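Q: Could you take me through one part of this structure up close, the place where two domains of one chain meet? After that, I'd like to see how a sheet and a helix elsewhere fit into their surroundings.

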Amino acid sequence: MNGDALRTENRELRTAMANDRRPATTDFSIIGKSIAMVDAAGKTTGSGKYTDDLSVPGMLYGKILHSPHPHARIKSIDTSRAEKLDGVVAVVTGKNAPNPFGILPVGHDEYALALDKVRYVGDNVACVAAVSESIAEKALELIEVDYELLPAYFDPEESMKAETGLIHDNKPNNLEKDYHHAFADPDKAFAEADYIAEGRFLANEVTHAAMEPHSTLASFEIDPHIGNPGRLTVWSSTQVPYYLQHKLSLVLEMPMQQIRVIKPLVGGGFGGKSEVIPIEIIAGIAARAARKPVKITYTREEVFWAHRGRPRTIVDLKTGVKNDGRITAVKARVVQDGGAYCSYGVVTILYSGALLGALYDIPNIQYDGYRVLTNKPACGAMRGHGTVNVRFAFESQLDEIAAKLNIDPAEIRRRNLLQPPCITINGLRVLSYGLPECIDQVVTRSRWNECKGKLPKGRGLGIACSHYVSGAANSIIRSDMPHSTVNIKIDRDGGVVVYTGASDIGQGSDTMVAQVAAETFGCSLNRVKVVAADTDLTPIDIGSYSSRVTFMNGNATLRAAQEVKKQIAAAAAKKMNCAPDELVFRNDTVNRKQLAGEGARATQAQPIVSGRVEGQILRGSLQQKRKDEGPKDSMTFEEAVVAAIDFHGALSGTGSYAPPAEARGGKHKGAGVGPSPAYSYSAQVAEVSVDEDTGEVTVHKVWAAHDCGRALNPVSVEGQIIGSVWMGMGQALTEELVWKDGLLMNPGLLEYRSPSSVESPEVEPIIVESIDPEGPFGAKECSEGSLAATIPAIANAIYDAVGIRLHESPFTPERVLAALRAKKNAKPLNLTEGVDPTAPTKFREHGGSTCFKGKGPQRHELDPARQAAQPGDTE
Amino acid sequence: MSLPEFKLLRPRNLADAVGQLAQHAGSIRILAGGTDLLPSMRQKLFDSQYLLDIRHLAELKGIRPQPDGCVEIGALTALTTIAHSDFLRQHYPVLPEAAKTVASPVLRNMGTIGGNICLDTRCLWYNQSFQWRKSCGFCIKKDGDLCHVAPGGMKCWAAFSGDTPPALLCLNADIEIASPAGVRRVKLSDFYTGDGVIHRKLQLNELVTRVFLPASSSGYRGVYRKLRIRGSIDYPLAGVAIVLKRSNGHIEDARIGITAVNPAPLLVKGATELLKGKSLTEDLAEAVGDLAAQTAKPLTTSALTPEYRREMIRVFTKRALIAAAGD
């Protein structure tokens, strides 16, 4: 789109919006109140059931054999010895289910169990189902796999040069996907810029580290006569039960209607459970072969191999500005080390480019994105999917520009704000935009103007902003299906049951759904029961990812509740001799509007005569009494429900949500990723100190303002903001997957260092409410948008404290010290040994699995270490 | 990862324990706090037929000051008890200082001083699951014949990663070792071999029972500085313990111990001589820091690069000295 046409369109959009201003309602009884999560009691007392807590009669334990090689062809697999071990019921390999799958329709490149090739250390080769975990583990040792080793690729820039020995035969140069976008005229805009900053930023690979390891229990109904497996029930720790149902159907070659997926409590996802993980299908394959239920729970190490986290990202960024700090153009070249499979990779690389837009007003954008395959576990979606590493680069560079042009870092951000409602140059529609207020809030609360640059030596403040989608406007499966559908049923005693496909993974979606329903019905929260994420019972919802649930499932819930409320109102209005729109639902009563205030007071004063207390018979007579007395000005919620059921026969309704066509983005290739019905905004200020002798960085406080549209449950929103900041701080300072020749050196929570409570700073969450015109009660997302700002805020604070600009995350003490030394021209610190994941160029030159033959000290005859050892070798 | 099968033996008393240990020598391991042993067993680093559970032996617990001025600490005394002991804080402050930095509060409640002294050496190539180790062809410390950290040599460089031993070395501690032959007492500084595989001089039928701190080490100021990435949980990536006695503004005596940068905790040789009789200056602290850094031989056995960890031994020694010598 050219700039002029866009300006015209944006002007029209603004006029339309101004005419459509509805007064925002603020008088809520349940929305906007800080309430405990509806599942909090079970979780805090330990009675809540996660997948691994479940067992069914006859259940077996599954264990998976993983590849010890980063890249090898499987010549043969011999499972006969394992099968003979006492207690082993079944051993399955790739041949038991040879259909490929993958979360994206364009990326069906994975097999639940490897078919002909393994592509990373940890790739799945075989699975044993046995009566105990230890027997299954022993059986794994008896499986003999003959591998032919292939050259392996560990560095994305090296991998892109590959012409032979490809990781996937249909992906030349090991390139999963590349995109090249140019919006408006970047070259001309750079030519017109007064100052251009350029730099390379590198963000190392991080992972979700959710508390609950993945776990799946699969159980077939076995035909009692012929013993064949029939319907399948799967309990799994998943963010996407419906995708799981679909992929199971694909791989197991069963109709979806024969498969029921149930999501029990999930102990955190962060994207790591937002696609179908091999374990979920392997459990099904093993259960079918064993004709017994099979449960598999990953060890923590296996979670690291399953991974799907944030890829190591190389960002070459160029920003052009005018002297007043206005951005004229941005050019980004992004290379992502995607690992061995596609996963969400195509989406990740598109988000990295698309979300350059919609935060600031950038009139010209050039983006070149490369998603590269390497012989490491697949990367996928992780909190802040695609935007985080590019945001680190962008906000750091903006800070450099501010310093260069002598503009206050908060001010340069204010000078580049969007003017919503608008459509950005890359086709993203922005309606509500709380960023200016977010910046104002953190600047005020942190006393930025007083303190910036005036703190004691070694201490500093940094500011950064970020944003995120409230759900993708285009689902990954191209279809016209609504993204969320919700059913509501109300019983005669006024109990509301909400059937939602939304997956509560700890973020609180069940609570959100209950709140939206209770607010709409004006009933108390404990009347509402949420039945969620069970493919047999609940209507389709595409899952808990891309921060879509509050916006989309919330809207679907709202619509379903409004539909049911309409039915109640029609019946109640008849009883009360008034029009349905004269009725107000509140405090478990239905009142005529003019009496709303009085009615509310009356219910406070009088004890409510309810069927639950008085019993069915009395309620009947009560209704009779009311009937006898003629039309009323007020009914209890139950009475109104009974009236509606009597009138309609049953009381149920459906609501669904699909993003509006205007929000679905532009027409260019890859335009489907990035558009969202609404964007959340965040601004953060971090205060840090740096120890100049050790390079240790301490984060003292983070002020984090987040525009979430409307906070449906403020305490929950604050929790999400604090969690995002904390997770961002982990990536900024301590977390990093360290690789050595394709081998993950820190596959555990001892060596993969998420921050502990000791170094967690005070986080001051500040809620900014921009009241989105399309969100449920004005709400947008609140769980992801804040993460991306934390990393550059800390980087910028380090710059303020000691004047060094860090281009590689995490900012470990040694990287900080090396930068400090470089700045002072002091003795340089050698960091190339040991920790640099790019270092190996040859595949395990010092022995390792190339030379490994059999167990123990039996090494390959060509292994140099063995030759050296031979003189003393008495064997 | 499942625990391998084993038989748990629960001796009634110390004599019983020593007997059972000797009876199954070679196929038995001692379970004290279990904080290191049990995760390692899951990783199949040990596959003993028996575990000797001595957690309930009261005679091996407690801090007992002796009439001659020395103090005796039972090997099963929890690290939390040591960190909170008023007696130790007053007379041997470096030990509780070091003890309180071990792992996290929960692990300190379980972990014992004896376990911390006997702690297995650690390495990124060793403290991994069976499957992981198999992927790299195993290593010289367990099941293999090659050191991935120093592929040229045949020595294991796994780092000793206990926090309290450098403090105990500074305090000239002795340990008591029991076996069917009776008890022997050795200087802690003679207990470690400096080799990553067999890192302590302890026979298969022997058990560490007590730690003795001599009266002559009482009343020293003590400081422990630990390099770690997180403020809790982590093993040391480098650690420096210092004891120091002043008189008339001069250093009367001082000792420096370092940990996590060699296969054994070590006293820094020459530090005492360098410091004795002098008043501490920035230059002197720097010189002693250099000496400590020369003693450290870290390799890529853990996170952070060897050069950085050695550098931190220097910085931490200097800082600890200044802290210990200051007013």
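A: Sure, let's start at the meeting place: in this predicted model, 16 residues of domain 1 of chain B are in contact with 14 residues of domain 2 of chain B. On the domain 1 side, helix H1 (residues 14-23) of chain B gives the largest share, with six residues. What kinds of residues make up that side of domain 1 of chain B? They split into nine nonpolar, five polar and two charged.

Where do these two domains sit along chain B? Domain 1 covers 1-56, while domain 2 is put together from 61-118 + 159-325. Taken over C-alpha atoms, the centres of the two domains of chain B are 26 Å apart.

Now hop over to chain A, which has 24 helices and 31 strands. Of its 875 residues, 59% are buried. Look at the contacts in chain A with a separation of 6 or more, and you'll find that 80% of them come from residues 24 or more positions apart.

Let's pick out one sheet in chain A. It is an open sheet of four strands, in the order E21-E20-E19-E25, and the pairing is mixed. At its edges you'll see strand E21 (528-532) and strand E25 (652-657) of chain A, each pairing on one side only. On average, neighbouring strands in this sheet are turned by 20 degrees against each other, direction ignored. Helix H16 (residues 549-576) of chain A packs on the sheet, where it touches E19, E20 and E25 of chain A. The direction of H16 makes about 150 degrees with that of E25(A).

Zoom in on one pair of strands in there. Strand E19 (residues 484-490) and strand E20 (residues 496-500) of chain A run antiparallel, and five bridges join them. For a spot you can find by eye, try Asn487(A), which stands opposite Tyr499(A) in E20(A).

Last stop: helix H4 (residues 133-142) of chain A. Which of its residues are buried? They are Ala136(A), Glu137(A), Lys138(A), Ala139(A) and Leu140(A). As a bit of background, an α-helix has 3.6 residues a turn, so residues three or four places apart point the same way. And what do the buried residues of H4(A) pack against? Their partners in chain A are strand E1 (60-66), helix H3 (80-84), strand E3 (88-93) and strand E5 (124-130).

Definitions and conventions. Residues numbered from 1 in each chain as written. Chains lettered and ligands numbered in written order. Predicted model: local features only at pLDDT ≥ 70, side-chain atom pairs only at ≥ 80, totals over all residues. Pairing = 2+ DSSP bridges. Helix = DSSP H or I, 4+ residues; strand = E, 2+ residues; numbered from the N terminus. Axes fitted to C-alpha atoms, helices over the stretch in contact; angles between N-to-C directions. Contact = placed C-beta atoms within 7 Å. Buried ≥ 20, exposed ≤ 12 C-beta atoms within 10 Å, placed from the backbone. Domains from an automatic or database assignment. Nonpolar A, V, L, I, M, F, W, Y, C, P; charged D, E, K, R; others polar.
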